[in-house]
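Dear colleague,

Please find the structure below, together with its sequence. I should be grateful if you would look it over alongside the notes that come after.

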Amino acid sequence: MSSQRPLARRRRAVAAASAVSAGLLVLSACDKPTPMATVTVGKNSVSVEAECYEDGKTIGKEEATKCALKKSSDTISVSQGETLRIGVDPEIADEGWALWLNGEQVTSPFKKTYYAFEGVDLFAEQSGQAAPKTIYISVVQQNKTGTQVQGVWNFKLENADA
């Protein structure tokens, strides 16, 4: 009987070592998560990982535009005149980021982790056209001149007043 105990212990040790090795292998195959961007309106928030991101490498303005035009399913409702708050991870802020609407840059780059757009009226009627029901916004990580783009985070804003 005593000769079977060391053999059983060895088997358990080998099984445990195999399980640990398999776990490490699975973890090494996972991608590192991208930095996060968050949009908050009132008490509601939506956080997303990047639509396009190459771990700090430049992706190019043309690629960034394509990424910014991808439709996000991460949605938040906005009423006319509400404050739109955007928060980004420090690594996004360190490089700088700009706000894009429907694939076009609308702000100069910020180097802050948080910015509030007070009383935003994104859904105003323009040139006699009805107010849009949906707008897509993007947080685009870029340098001051906008020539080096490193990431794009997309959100869908719905007109709460429509």
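The notes below cover confidence, the sheet, the nonpolar cores and the disulfide.

This is a predicted model, in which local features need pLDDT of at least 70 and side-chain atom pairs count only at pLDDT 80 or more, while totals for chains, interfaces and linings use all residues. Residues are numbered from 1 along each chain as its sequence is written, and side-chain values use heavy atoms, with hydrogens and water left out.

The average pLDDT (the predictor's confidence in each residue, from 0 to 100) of the protein chain is 83, and 81% of the residues score at least 70. Residues 19-29 have a pLDDT below 50, and this stretch makes zero contacts (heavy atoms within 4.5 Å) beyond near neighbours in sequence. Where pLDDT is low, the predicted coordinates should not be read in detail.

Helices (H or I, at least four residues) and strands (E, at least two) are DSSP runs, numbered from the N terminus. An open sheet is built from four strands in the order β2-β1-β5-β8, with antiparallel pairing; two strands pair if DSSP finds at least two bridges between them. Its edges are β2 and β8 (114-117), each of which pairs on one side only. Within the sheet, β1 and β5 run antiparallel and are joined by five bridges. Thr38 stands opposite Gly87 in β5.

The largest nonpolar core (buried Ala, Val, Leu, Ile, Met, Phe, Trp, Tyr and Cys residues joined through side-chain atoms within 4.5 Å) has 27 residues, and those touching the most other members are Leu84, Ile86, Ile137, Trp153, Phe155 and Leu157. Among the elements that give two or more residues to this core are β1 (37-41), β5 (84-88), α3 (90-95) and β10 (149-159). Neighbours within four places in sequence aside, the contacts of Leu157 include Val39, Ile76, Leu84, Phe123 and Ile137. Ile59, Ala64, Cys67 and Ala68 are among the ten residues of a second, separate core.

The structure holds one disulfide (a pair of cysteine sulfur atoms within 2.5 Å). The sulfur atoms of Cys52 and Cys67 are 1.6 Å apart in this link, which is left-handed, with -90° about the S-S bond. Because Cys52 lies in strand β3 (residues 52-53) and Cys67 in helix α2 (residues 61-68), the pair ties together parts that are 15 residues apart in sequence. Cys52 is buried (under 20% relative accessible area, where exposed is over 50% and partly exposed is in between; 1.4 Å probe, protein chains only), at 10%. Cys67 is also buried, with 0% relative accessibility.

With kind regards
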